[in-house]
Amino acid sequence: MNPFQIFDIAPSFDLDLKALEARHRDLSRVLHPDRYVGAPAGERRQALGKAIEVNEAWRKLRDPIQRAEALCEVLGIERSEATEPKADPMLLMEMMEQREALGDARRAKDLDQVEKLAVSITARQREVLTELTRRFAALSPPRTEPGAGSAAAGSGGEAPGKVSETDREQLLRELGKLRYFRRFLDEASAILDELE
Amino acid sequence: MLLDIFDPKAPPKAIGIDLGTTNSVVAHVRDGRPVALVNCDGTALLPSVVHYGPRGNVVVGRNAASYATRDPERTIISVKRFMGRAADDPQTKTLGAYRFKAPESEAEGRVVRFDLGSDGSRTPVEVSAEILRSLKQSAVEQLNAVGGAVITVPAYFDDAQRQATKDAGKLAGLEVLRLLNEPTAAALAYGLEKQQNGVFAVFDLGGGTFDVTILRLEDGIFQVMSTGGDSALGGDDMDRALAHELLPAMGFELDPEGNTTAPLEIVSLALETARKAKHALTERDEVLLELPRKGGESTEHRVTRAHFEQLIDPLLVRTGRSCRRALRDASLEAHEVDGVILVGGSTRVPRVKQFVAEVFHKEPLGDIDPDLVVAYGAAVQADLLANASDEVLLLDVLPLSLGIETMGGGVDKILPRNTTIPVGARSTFTTFADNQTGFEVHVVQGERELAEDCRSLARFTLKGIPPMPAGMARLEVEFHVDADGLLEVHAQELTTGIEQTVEVKPSYGLTDEQVEDMLLDALDHGEEDLEARRLADARVEGQRILHATQKALDSDVDLLSDAERAKVQQAVDDLEQAIGSAKKASSIQLAIDSLEDVTHDWAGRRMDRAIRAATLGKQVGDVEKRVEKARGIEAHLEESAAKAREQARAQEQARGGVAVSLEEPKG
């Protein structure tokens with residue numbers, strides 16, 4: 001089952017994280033190993049397996065990159081190293097400059113500068129997330145039920161239409177940007193840990 | 001006072017144990033409230049000290065502590081600092097009255113061992129087991145029978161340290177229901193008290209460990225958002241900082257690494273004096289210490305609170321760093337925290353309280369005794385688990401990232417820190433040389449970039465890969481972390497269709513056989529006693545399973561076909577008979593296994609029903625919900641048939657090269 005099916009929600013990039021969290025709590029109430037402490041070993045194993053699935057799905061759905069990847073799979077968008085579109089040279093240039101600035105800030109032990117760089121990339125990340133939301137929404141069939149996060153019966157379900165090559169390329173390019181930003185932010189946070 | 005009337009048929013009671021660096025506590029829930037049980041010292045706090053006397057005589061607690069300065073070599077204090085650590089761990093180099101023994105054989109592994117001179121050596125697991133055994137004994141005396149136990153561990157304990165704690169529990173003859181993180185235990189004790197939703201920070205500074213945990217309490221669910229800390233930072237380090245000044249005053253020099261020529265008795269005395277000074281300084285502004293000097297005479301040494309605070313400042317700075325990182329990991333600002341809870345004896349130090357207030361911008365709560373609150377929480381959790389209560393649930397996280405060493409010595413993170421557990425993850429690797437038949441997997445835990453800087457958990461080689469060109473073999477490594485935070489790793493080679501599974505033996509833990517052997521050694525009559533105990537355990541287990549099965553029959557019998565139901569009934573009867581008459585644990589186990597066999601599919605259906613009830617209950621369409629809930633076996637059989645149809649159709653489409661549709665058949 002894909003993570004959307006495990007959470008019984010319609011596949012979408014624009015998820016209501018509050019509702020997702022509530023669903024996670026509901027599923028955990030039923031499946032958490034604490035509920036099966038007195039159960040026979042086999043039943044304990046079964047429940048553990050399901051609880052692991054739920055937490056794995058939760059981890060994927062909460063993280064925009066992994067959510068996008070899961071959604072690509074649902075929509076039949078092929079992702080592989082060979083067919084991934086090349087990164088925009090402008091972006092590569094920008095990231096190179098930013099990383100240099102980050103390295104300088106690290107050497108100068110300039111915490112404020114590291115934070116400032118992280119804030120600016122976080123803003124860029126937000127733009128890309130908005131863009132991805134828009135693009136995915138244009139591809140996904142309209143929701144059968146109004147209200148974010150509410151699930152369509154038998155969800156994970158609608159047949160994807162064929163995604164055009166242009167759409168695919170643009171989507172994956174945005175996703176690629178997100179990965180660059182993530183790596184940058186991870187690095188910035190490691191530097192903050194180290195400098196503090 | 002009400003007297004407990006002895007009832008030989010009373011069910012065994014679940015207990016909670018705080019196995020602390022300085023003190024340990026056992027508690028249980030009585031009339032809905034956690035209470036600490038009195039230990040062999042007649043108090044709630046049992047000093048975590050074990051003394052190995054001549055002729056195999058072992059004492060624990062206050063009596064053992066009285067030997068600390070007289071017989072330091074055979075008196076183990078703060079054993080928790082060494083749990084799950086290797087013989088060459090930096091912890092063994094810090095100032096302390098210990099003598100360590102180098103591992104003598106491959107079988108002794110890399111585990112650190114305390115040298116007891118003519119009485120051989122002991123591992124931290126064995127020493128901890130003595131403390132647990134003593135607590136269990138006290139509980140048995142007061143409760144008549146003890147069921148399972150919840151043992152607490154610092155949230156920041158890594159896999160090896162957790163495994164060591166669980167092994168100690170097993171070795172003490174306890175059924176370990178769960179390893180519970182100490183801050184989460186404290187939050188549980190507070191949360192039930194206050195019954196309020198919100199975000200809480202738990203600041204837990206114990207004798208040897210520091211944890212900070214940020215969690216959200218919402219409608220009975222304690223969701224840990226992030227955790228951080230240092231499993232080698234605590235009140236002991238404050239004592240050591242002061243002892244580093246006392247030793248020179250006593251005429252013994254220290255080099256910058258903390259090495260000293262002072263005999264163990266003097267080191268022990270300096271640490272003990274420092275600890276007393278620390279306690280006194282919580283009330284007073286200065287203390288005058290009388291110290292014996294090398295050569296005979298004594299000297300006076302003045303310590304002011306201001307000076308002591310200056311000494312411990314570097315330690316507090318480290319805790320502050322962990323707090324800010326935990327907040328960052330939880331995506332929260334300090335002012336968004338609704339309450340701060342203080343846990344651990346070291347939070348009694350006035351400067352620590354003040355520091356916590358500065359970090360979180362609010363006065364911390366400390367109304368439950370910081371020395372008992374963790375044991376209270378453990379007792380509550382033990383009670384919840386034993387009674388299968390569904391009012392409260394703790395959702396904890398993995399404290400440190402798990403990963404695999406890559407070719408260049410880096411780390412490929414497979415599960416990041418602060419992931420909600422239990423959880424699993426997979427990663428695939430490939431061979432890098434032609435005809436490579438083995439693949440080494442090195443599992444590490446930690447946040448550092450290089451594998452050598454992380455904790456090494458396990459190393460194994462996947463063998464028997466058929467010769468293939470480089471990059472062709474596909475190796476899948478699967479991580480499972482259970483609700484105790486314990487890791488299991490499986491590795492498989494996928495391309496050839498031959499699936500190999502490797503069970504990983506942790507570098508520091510014990511195998512089940514080793515635990516068994518040690519248990520045998522500890523029992524007077526060896527084999528005989530062990531079999532009697534196994535039989536008793538099997539009876540309890542059998543009863544529990546009968547009880548669980550009956551409960552399931554009461555609620556979900558409609559999910560069984562008639563034929564299945566007859567099989568279940570037969571297996572139940574067989575198990576009942578085995579429990580009544582079996583002379584060997586294995587016959588009961590056999591009956592348990594057959595009952596499990598015939599209930600396996602049914603258990604899956606019951607889980608699906610519970611999931612449906614939990615999720616559909618929250619959606620629009622109440623009529624539909626009731627219909628779904630009332631569905632019986634027919635609906636489930638129909639559903640699995642539909643699933644099979646869908647699978648077949650999908651396969652067919654995949655073969656035809658058509659995009660696979662995920663649409664479910666309308667039924």
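Me: What makes helix α7 of chain B a neighbour of the sheet strands, and which strands does it lie across?

Reply: Happy to start there, with the reminder that this is a predicted model. Helix α7 (residues 305-329) of chain B lies across β13, β14 and β15 (221-230) of chain B. Contact here means C-beta atoms within 7 Å. The helix runs at about 140° to β15(B).

Me: Which sheet do those strands belong to, and why are β18 and β19 of chain B called edge strands?

Reply: The sheet is an open one of five strands, in the order β18-β13-β14-β15-β19 (chain B), with mixed pairing. β18 (339-343) and β19 (393-395) of chain B each have a single partner strand, so one side of each is left without a neighbour in the sheet. That is what puts them at the edges. On average, neighbouring strands of this sheet are turned by 25° against each other, direction ignored.

Me: How do you know that β13 and β14 of chain B are paired?

Reply: A pair needs at least two bridges. Strand β13 (residues 198-205) of chain B and strand β14 (residues 210-218) of chain B are joined by eight bridges, so they qualify as a pair. The two run antiparallel. Within this pair, B:Phe200 stands opposite B:Leu215 in β14(B).

Me: What about β9 and β10 of chain B, how many bridges do they have?

Reply: Strand β9 (residues 113-115) of chain B is joined to β10(B) by two bridges, and the strands run antiparallel. The cut-off is at least two bridges, so this counts as a pair. B:Phe114 stands opposite B:Arg122 in β10(B). These strands belong to an open antiparallel sheet of three, ordered β8-β9-β10 (chain B). Its edges are β8 (100-101) and β10 (121-122) of chain B, each with a single partner strand.

Me: What makes β25 and β26 of chain B a hairpin, and which side chains of β26 are buried?

Reply: Strand β25 (residues 475-481) of chain B pairs with β26(B) in the antiparallel sense over seven bridges, and five residues lie between the two strands of this hairpin. In the turn, B:Gly485 has a positive phi of about 80°. Across the pair, B:Glu476 stands opposite B:Gln492 in β26(B). Along β26 (residues 487-493) of chain B the side chains alternate. B:Leu487, B:Val489, B:Ala491 and B:Glu493 point to one face and are buried, a label that calls for 20 or more other C-beta atoms within 10 Å. B:Glu488, B:His490 and B:Gln492 point to the other face and are not buried.

Me: Over in chain A, why are α4 and α7 called roughly antiparallel?

Reply: Helix α4 (residues 64-75) of chain A packs against α7(A) at an angle of about 155°, with the axes 10 Å apart. Angles over 145 degrees count as roughly antiparallel, so α4(A) and α7(A) earn that name. Their crossing is left-handed. The contact is made by A:Pro64, A:Ile65 and A:Ala68 of α4(A) with A:Leu175, A:Leu178, A:Arg179 and A:Arg182 of α7(A). By class, that gives five nonpolar, no polar and two charged residues.

Me: What elements does chain A have, and which of them touch chain B?

Reply: Chain A has seven helices and zero strands. The contact between the chains takes 41 residues from chain A and 43 residues from chain B. On the side of chain A that touches chain B, the elements giving two or more residues are α2 (17-31), α3 (41-62) and α7 (165-195) of chain A. The largest share, 13 residues, comes from α3(A). The residues of that side divide into 15 nonpolar, twelve polar and 14 charged.

How values were computed:
Residues numbered from 1 in each chain as written. Chains lettered and ligands numbered in written order. Predicted model: local features only at pLDDT ≥ 70, side-chain atom pairs only at ≥ 80, totals over all residues. Contact = placed C-beta atoms within 7 Å. Helix = DSSP H or I, 4+ residues; strand = E, 2+ residues; numbered from the N terminus. Nonpolar A, V, L, I, M, F, W, Y, C, P; charged D, E, K, R; others polar. Axes fitted to C-alpha atoms, helices over the stretch in contact; angles between N-to-C directions. Buried ≥ 20, exposed ≤ 12 C-beta atoms within 10 Å, placed from the backbone. Parallel < 35°, antiparallel > 145°, perpendicular 65-115°, else oblique. Left-handed = near helix turned anticlockwise from the far one by under 90°.
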